[in-house]
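Colleague: Please choose one part of this structure, examine it closely, and then place it step by step within the rest of the chain. I should be grateful for a connected account that a first-year student can follow.

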Amino acid sequence: MDSTPPSPWHPDRRWADPLIAFLALLALMAAGLTLRVRQEGNHRPSGRTTLQGQILEAGLAGSHLLRGTPIPPQEWAKARGGLSDPWDRSLLAVLMAELGDPAGAKELVQTSLPAGAAGARFRRTFEAAYEGAPVPDAATRAEIQRRLGNGYTARLLEARLRDREGGPGAGELLRAQARGLLITRLAALGGLGLLVTTLAAGGLAVGIYLWATRRQPPGRPLPAWGLSGRAAALVFLGWFMAFFAAGNLAGLLLAPWPSLRWAVVPLGTLLHAGVGLRLLGWAEGLSFSGLWRRMGPSPTRRDLAWAVAFLALAVFLVLAVAMATSVVLKPEQNPQRDLQELLRGLTGWGPTLVMFLVVGGVAPVFEEFLFRGFLFPVLARGGRVTLALVASALLFGAIHLQPAGLPILSTLGLVLALAVRRAGSLWPAILVHACWNGSLFLLMRAFS
């Protein structure tokens, strides 16, 4: 690959087929190794409460606040059964002690204590707040607040300790702040729930409309790529290997500056996206500007309308698939745990803004160009549209290397491919993808 070919690439099968097989084997080995490392990381307890624990906290505490009645024992039992992370269970223990089940809270602390010195410090803090033990120092209390999420429950625990130090009523200001924070989070979650419900209802209507008009021809044909199927396979596998290498390379480049650890994901994304675009441009004989023109005309109001429609369809189908698969798939950890842990380490608006632009901007644009702008049209050649829809969706789900999230991610990929097929433009898919990623980022950031 020493120069840009004057025409689309058609490699000789005598060497292309063995190379494809070799790269596919390497890709499978790299994927297996990555999955193994992730599974080992997922089995390690988190160093603080997770998003699941904090949402459960808002639900239980919000129910108590709004109804003004004790939480039934079966609700406590259900909450205990649904949490596996030690810090989530520690959060639940404090909440139980505050909301009327001190015996259950004490039992939970005795049976589900986080490991190590941090767990021992939590026990001392809990016993100081609810059993009259000596009050720990300020540094210990600050650490436990951070590990419990600095939210409603963590502030109630600190309020108890202030009552111990300054007498009854010393923690009332902190309790008022905790209630204000809880009400804010409940309002945000309620608004999000209303929006999701509205979109899901609209998505059902969109699905019915698309089915009724399924024989209607698309607005514009899919982009036409001249490279051969073997060339497309080599480009995709070459990018896939760059995808694995980019994160490690970014980590090595930033290793001398520990404060820039957060930048590994943005830099890695730019590296593998750059390699992918370069490979694709070389194989098709196009410059970057030529590749950009393959995305179709500039976005229009019609594209925006299609984006809203397909976002609603994505919400409806993802909710349906999530409910259907929850019966048989019970992942021990959230498939987005890696991103959640990364977001917790972000400090300041600069890194947060850069990460948001990458997650909600750069990644959606590149992934849509690769999967729906390139891979989907290549697979659909010869009229194999249904095969292309399913195959590109499954590859999109698999590329994220999140087995627990495969059904949801593949469903999202299917909707995005349908958007390109029906709208005749890549822009609706880009907008849906950006909204999806950006919303998840903001939700996880709000609770991190």
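Modeller: I begin with one pair of charged side chains. In this predicted model, E127 and R123 form a salt bridge, and their closest N and O atoms are 3.8 Å apart. This separation counts as a salt bridge because the cut-off between the nitrogen and the carboxyl oxygen is 4 Å. Where do E127 and R123 lie with respect to one another? Both belong to helix 6, which covers residues 116–130, and because they are four residues apart there, about one helical turn separates them. E127 is partly exposed, with a relative accessibility of 24%. R123 is likewise classed as partly exposed, at 27%. Neither residue counts as buried, because that class requires a relative accessible area under 20%.

The pair may now be set beside other salt bridges. The structure holds 13 of them. One is formed by E107 and R80, whose side chains meet at 3.9 Å, N to O. This pair joins distant parts of the chain: E107 is in helix 5 (residues 102–111), R80 is in helix 3 (residues 73–82), and their positions lie 27 residues apart in the count. E107 has a relative accessibility of 42% and is therefore partly exposed. Another salt bridge connects D12 with R14, where the closest N and O atoms are 2.6 Å apart. Here D12 is partly exposed, at 28% relative accessible area, whereas R14 is exposed, at 69%. R14 falls in the exposed class because its value is over the cut-off of 50%. Salt bridges also link R141, E158, R162 and E165 in a network.

The next residue to consider is R155, which is located in helix 8 (residues 152–166). R155 is partly exposed, with a relative accessible area of 24%. Which residues does R155 contact, if its neighbours within four places in sequence are left aside? They are Q145, N150, L174, Q177, A178 and L181. One of these, Q145, is ten residues from R155 in sequence, and the two C-alpha atoms are 7.2 Å apart in space.

N150, another contact of R155, deserves separate attention. N150 lies in the loop between helix 7 (138–147) and helix 8, and its relative accessible area of 37% makes it partly exposed. Most residues other than glycine have a negative phi. N150, however, has a positive phi, near 55°. L401 also has a positive phi, of about 55°, although it is not a glycine. L401 is found in the loop between helix 16 (385–399) and helix 17. Is L401 buried or exposed? L401 is buried, with a relative accessible area of 9%.

From L401 the account passes to helix 17. One residue of helix 17 is S410, which is buried at a relative accessible area of 10%. If residues up to four places away in sequence are not counted, S410 touches A393, L394 and G397.

Helix 17 also packs against another helix. Two packed helices are described by the angle between their axes and the distance between the axes. Helix 13 (residues 301–325) and helix 17 (residues 406–423) pack at about 155°, and their axes are 9 Å apart. Helix 13 is therefore roughly antiparallel to helix 17, because angles over 145 degrees are placed in that class. The crossing of these two helices is right-handed. On the side of helix 13, the residues in contact include W306, F310, L313 and L317. On the side of helix 17, they include I408, L412, V415 and L418. The contact of helix 13 with helix 17 comprises 15 nonpolar, two polar and two charged residues.

It remains to place these parts within the whole. The chain has 18 helices and zero strands. Its C-alpha atoms fill a box of roughly 80 × 55 × 40 Å along the principal axes. Of its 448 residues, 45% count as buried; S410 and L401 are among the buried residues. Among contacts in the chain with a separation of 6 or more, 75% are between residues 24 or more positions apart.

Notes
Residues numbered from 1 in each chain as written. Predicted model: local features only at pLDDT ≥ 70, side-chain atom pairs only at ≥ 80, totals over all residues. Heavy atoms only, no water. Buried < 20%, exposed > 50% of the residue type's maximum accessible area, 1.4 Å probe, protein only. Axes fitted to C-alpha atoms, helices over the stretch in contact; angles between N-to-C directions. Parallel < 35°, antiparallel > 145°, perpendicular 65-115°, else oblique. Left-handed = near helix turned anticlockwise from the far one by under 90°. Contact = heavy atoms within 4.5 Å. Nonpolar A, V, L, I, M, F, W, Y, C, P; charged D, E, K, R; others polar.
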